[in-house]
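Visitor: Please take a close look at one part of this structure, the packing of one helix against another. I would like to see how that part sits in the rest of the chain.

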Amino acid sequence: MKIWVDADACPNAIKEILYRAAKRVQISMTLVANQYLNPPASDYIDAVQVRAGFDVADNHIVDHLDPGDLVITADIPLAAAVIDKLGHALNPRGELYTQNNMRERLAMRNFMEELREGGVVTGGPPALSQRDLQRFANQLDRFLMKHHSSV
């Protein structure tokens, strides 16, 4: 099992939690972004810079994902593609995307996109709170204990 991070939009506080977890449980983690990343030196952490463009990082993750891998992303279409490839997806607020909740998430995303296209200002999500970070860390730990053999 490997962890993939949709790193362009991933908050730094979440990356820090992921860096510590990858080192602690000795699991391979790759950050994928359109920009240069400088992760901490580790045998378990690396970064891939892909060319700029719409969904280039997402497509790289999906193309290299193996069943059972975990992807950290807030991108609903990427999460859906990950689940279709029998991977797991966790968002930075600690919500594990599943086959059961994905249809609802896609419908809500599409509805909000239609509102924005119609000129309605919907705003973005609120900033990550300390509670969100704790929820993410707890969900990540639970996932790793369940799915990673060396935890």
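Guide: In this predicted model, helices α1 and α5 are roughly parallel to each other, because their axes cross at roughly 25° and angles under 35 degrees count as roughly parallel. Helix α1 covers residues 12-25 and helix α5 residues 130-147, and their axes come within 10 Å. The crossing of the two is right-handed.

The residues that meet can be listed from each side. From α1 come A13, I14, I17, L18, A21, R24 and V25. From α5 come L133, F136, A137, L140, D141 and L144. By type, this contact between α1 and α5 has 11 nonpolar residues, no polar ones and 2 charged ones. As for spacing along a helix, an α-helix has 3.6 residues a turn, so residues three or four places apart point the same way.

Two of the residues in this contact, L18 of α1 and L140 of α5, also belong to the largest nonpolar core. That core has 26 residues, and L18 and L140 are among those that touch the most other members, together with I3, V5, M29 and I72. Two or more residues each are given to this core by β1, α1, β2, β4 and α5. The largest share, 7 residues, comes from α1.

I72 links several of these parts. Leaving out residues up to four places away in sequence, I72 touches I3, W4, V5, D6, I14, L18, L90 and F136. Of these, I14 and L18 are on the α1 side of the helix pair, and F136 is on the α5 side. A second core, separate from the one just described, has 16 residues, among them I76, A79, I83 and Y97.

Helix α5 also holds Q139. Q139 has a relative accessible area of 17% and is therefore buried, the cut-off being under 20%. With residues up to four places away in sequence left out, Q139 touches L90, G94 and L96. L90 is also on the list of residues that I72 touches.

After α1, the chain enters the loop between α1 and β2, where Q26 lies. Q26 has a positive phi of about 55° although it is not a glycine. Most residues other than glycine have a negative phi. L86, in the loop between α3 and β5 (88-90), likewise is not a glycine and has a positive phi, of about 70°. L86 counts as exposed because its relative accessibility is 60%.

Another helix, α2 (residues 56-64), has V56, A57, D58, H60, I61 and V62 as its buried residues. Their cover includes the strands β1 (3-6), β2 (29-33), β3 (45-49) and β4 (70-72), and also helix α3 (76-84). Of these elements, β1, β2 and β4 are also among those that give two or more residues to the largest core.

For the setting of the whole chain, there are 5 helices and 6 strands. From the N terminus on, their order is β-α-β-β-α-β-α-β-β-α-α. The chain has 151 residues, of which 40% count as buried. Among contacts between residues at least 6 apart in sequence, 49% join residues at least 24 apart.

Notes:
Residues are numbered from 1 along each chain as its sequence is written. This is a predicted model: local features need pLDDT of at least 70, side-chain atom pairs count only at pLDDT 80 or more; totals for chains, interfaces and linings use all residues. Side-chain values use heavy atoms; hydrogens and water are left out. Axes are lines fitted to C-alpha atoms, for helices over the stretch in contact, and angles run from 0 to 180 degrees between N-to-C directions. Helices (H or I, at least four residues) and strands (E, at least two) are DSSP runs, numbered from the N terminus. Angles under 35 degrees count as roughly parallel, over 145 as roughly antiparallel, 65 to 115 as roughly perpendicular and the rest as oblique. A crossing is left-handed if the near helix is turned anticlockwise from the far one by less than a right angle, and right-handed if clockwise. Contact means heavy atoms within 4.5 Å. Ala, Val, Leu, Ile, Met, Phe, Trp, Tyr, Cys and Pro count as nonpolar, Asp, Glu, Lys and Arg as charged, and the others, Gly among them, as polar. Buried means under 20% relative accessible area, exposed over 50%, partly exposed in between (1.4 Å probe, protein chains only). A nonpolar core is a set of buried Ala, Val, Leu, Ile, Met, Phe, Trp, Tyr and Cys residues joined through side-chain atoms within 4.5 Å.
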